[in-house]
Structure formats: structure tokens, C-alpha cells
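Let's take a quick tour of this protein, one piece at a time. Have the model open and follow along.

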Amino acid sequence: MSIKRLWNASKVYASFYITKWFKKPVQWGLPFSISVEPTTACNLRCPECPSGLRAFSRDTGNLKEDFFRKIISELGGQLFYLTFYFQGEPYINPKFLEMVAYAHSKRIYTATSTNAHFLDDKNAKATIESGLDRLIISIDGTTQEVYEAYRKEGKLEKVLEGARNIVKWKKALKSSTPHIIFQFLVVKPNEHQIEEVYRLAKEIGVDEVKLKTAQIYDYTNGNELIPEQEKYSRYAKQTDGTYSIKNQLLNHCWKLWHSCVITWDGWVVPCCFDKDATYKLGSLKHETFRDLWHGQAYEDFRIKLLSGRDKIDICNNCTEGCKVWH
């Protein structure tokens with residue numbers, strides 16, 4: 001917390017509500033929450049993930065440490081929250097924890113999401129020492145058969161081992177961080193195991209369980225991953241048997257005002273739903289973030305969103321305004 005960060009956040013809040021009231025884009029300040037992409041590579045093959053499907057149209061690679069430091073030099077003074085995740089498995093980047101430690105040294109709250117297959121004893125200890133504040137571990141089943149129904153080529157035993165390693169070193173180093181979360185993506189094959197994941201988290205010493213609704217690309221005519229319990233689904237079954245997203249596509253978006261995503265190679269995109277970086281709003285390799293954030297491409301995208309969010313494809317499957325269950 002600092003006066004600079006508070007002043008920036010107040011400007012962002014004010015500009016968002018002025019935009020919402022007057023229906024014209026106003027953008028003061030800089031984002032106080034960003035996501036950076038450590039890598040696009042992944043060891044798993046999850047069916048609703050471009051990394052897992054190996055289906056990117058954009059280039060793949062790892063974020064470079066010197067480029068990351070450049071990002072922080074521009075934005076670190078305004079940032080409250082930094083997520084080391086977009087696509088891919090962060091721990092595949094060999095410099096991932098060094099970058100976490102650097103952000104931590106700048107007093108920025110850091111978080112990441114992992115499939116936990118790389119949390120061996122050495123990496124678990126290094127994770128605690130990096131100062132990471134929040135660690136989300138994806139665990140989408142409590143038995144191997146159910147887990148691998150979505151986490152293709154994954155091993156539940158590795159996930160549980162990784163979680164236990166983190167808990168062990170957190171205690172051994174007398175650290176209050178990271179806050180450890182089991183994230184359970186609720187799909188039809190695993191919805192019967194929700195109670196069991198809570199029991200498992202308590203047994204291991206995980207701090208929290210979060211249930212997450214699944215984004216399904218092809219949902220209109222139903223999908224084998226859509227849960228039978230509608231409260232755990234982003235989609236509602238209609239009278240004609242088709243499905244539609246529950247969320248109302250209101251023509252405003254808080255994410256577009258307070259945050260953004262930066263790909264491993266420096267492109268800035270609106271949010272985490274633009275997985276293939278279709279809406280490139282500028283490159284940090286060719287311009288400063290401030291110029292980009294207040295530039296014409298961002299202005300045009302904000303105008304487009306205010307005039308009809310339903311006309312932007314990445315918004316049509318968005319959870320902005322949807323309920324998430326805990």
C-alpha cells in the first residue's frame with residue numbers, strides 16, 4: 001500500500017463509473033492488477049484449453065526475465081496485484097520463481113495457478129522462499145480416473161505430492177505465505193466428488209477450496225462436460241434443449257478498466273478470455289505501457305464494448321457478473 005497506488009486506484013475507479021454513467025470511455029490512471037504469461041507451454045492436454053489442445057495460432061515461448069523487469073519498471077509503482085498466469089504451466093519457465101521474487105521485492109501481491117506436477121521438494125521450497133502470496137493448485141478430481149477425465153495425461157498422485165511439499169515447506173520455513181487454494185473445476189465427470197475435495201484439502205493442510213465453473217467452447221447443443229447440477233454451470237438449458245450462457249452481457253466491463261493481460265512476447269490484450277491474443281491492443285516491445293493504455297487501439301476497443309458487448313466474441317463466454325461458488 002502506498003499513496004501512489006491508492007491515488008492511481010482512485011482514478012481508475014472514478015473513470016470506470018464516469019464511463020458507466022455517461023456511456024463514453026474515460027480512462028484515468030493505469031491498471032492496478034495485471035496478468036503476465038510465464039509461458040504458453042504445458043505438460044497436460046486438457047480438452048477446453050488452447051495450451052492443452054496445442055491449438056494456438058500465436059507464437060509459443062517463455063517470458064524473459066529482463067523483459068519482465070522492464071514491465072515492472074513501468075507499472076510496478078501502481079500495481080497491487082500481479083498474476084503469473086495466462087496460458088501454459090508457469091513452472092515450465094526456468095526463471096519463473098526468480099520473477100516472482102523480483103515482484104515480491106517491489107511489494108506487489110503475487111499469485112499463480114499451477115497443475116502442481118512440477119512441485120517437487122526443491123521447487124516447493126523455492127516457491128516459499130520466493131515470497132509468492134497465493135498459489136492456486138488445479139485439482140479436478142479426487143481419484144485418478146475422474147481427475148484424468150479432464151486433466152488429460154495428468155497424475156493426481158503428483159498433484160497431491162506437490163501440495164504436501166508446499167505445506168511441508170511452508171511450515172518448515174515458518175512462512176505465512178503462500179495462501180494455498182485447491183481449485184476444483186466443476187464438470188460432469190467430477191461433480192459427485194465436490195465434498196471429497198474439501199475433505200482432501202483439510203487432510204493435507206490446504207487453506208481453501210474454490211469451486212470454479214468451466215468455460216465450454218461448444219456448449220449450444222450440450223456438451224459432455226456441462227454439469228448436471230445447473231448451479232455449477234455457466235450455461236442454462238433452454239426449453240428447446242439448447243444451452244445459453246447465464247450471464248447478461250451488459251455493455252460495461254470492470255476488467256477492461258483496472259486490469260489487462262501481457263503475453264510472454266509483450267502483446268497487451270484486454271483480458272484472460274482472449275486466449276489466442278486475437279485483440280492485440282499494442283506491443284510493449286514497441287511502445288510504453290502508458291502510451292498503449294491511452295492509445296487509439298484501446299480507445300476503439302472500449303468504444304466497441306460500450307456500444308455492444310455481445311458483438312465481441314471473447315465476451316460471449318465471459319463470467320463477468322456470474323456467480324462463483326466456494
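Start with helix α1, which covers residues 3–22 and is where you'll find Trp21. Keep in mind that what you're looking at is a predicted model. Is Trp21 buried or exposed? Its relative accessible area is 61%, and since anything over 50% counts as exposed, Trp21 is exposed. Trp21 also has partners: along with Tyr13, Tyr17 and Phe22, Trp21 makes a nonpolar surface patch of about 520 Å².

Now jump to strand β4, residues 134–138, for another kind of setting. This strand is mostly covered, with five of its five residues buried. Which way do the side chains go? Arg134, Ile136 and Ser138 point one way, while Leu135 and Ile137 point the other way. That fits a general pattern: in a regular strand, side chains alternate between the two faces of the sheet. Here, the residues pointing either way from β4 are all buried.

So who sits beside β4? Here are its two pairings:

| Strand paired with β4 | Sense | Bridges | Citation |
|---|---|---|---|
| β3 (residues 109–114) | parallel | four bridges | |
| β5 (residues 179–186) | parallel | five bridges | |

You can pick out single residues in these pairings too. On the β3 side, Thr112 stands opposite Leu135 of β4. On the β5 side, His179 stands opposite Arg134 of β4.

One last thing to trace: β3, helix α5 (residues 121–130) and β4 together make a β-α-β unit, and this unit is right-handed.

How values were computed:
Residues are numbered from 1 along each chain as its sequence is written. This is a predicted model: local features need pLDDT of at least 70, side-chain atom pairs count only at pLDDT 80 or more; totals for chains, interfaces and linings use all residues. Side-chain values use heavy atoms; hydrogens and water are left out. Patches are made of residues with over 30% relative accessible area and no salt bridge: like charges are joined within 9 Å, nonpolar side chains (Val, Leu, Ile, Met, Phe, Trp, Tyr) within 5 Å. Accessible areas come from the Shrake-Rupley method with a 1.4 Å probe; for residues, only the protein chains shown count as cover. A salt bridge is a side-chain nitrogen of Lys or Arg within 4 Å of a carboxyl oxygen of Asp or Glu. Helices (H or I, at least four residues) and strands (E, at least two) are DSSP runs, numbered from the N terminus. Buried means under 20% relative accessible area, exposed over 50%, partly exposed in between (1.4 Å probe, protein chains only). Two strands pair if DSSP finds at least two bridges between them. A crossover is right-handed if, with the strands pointing away from the viewer, the path from the first strand over the helix to the second runs clockwise.
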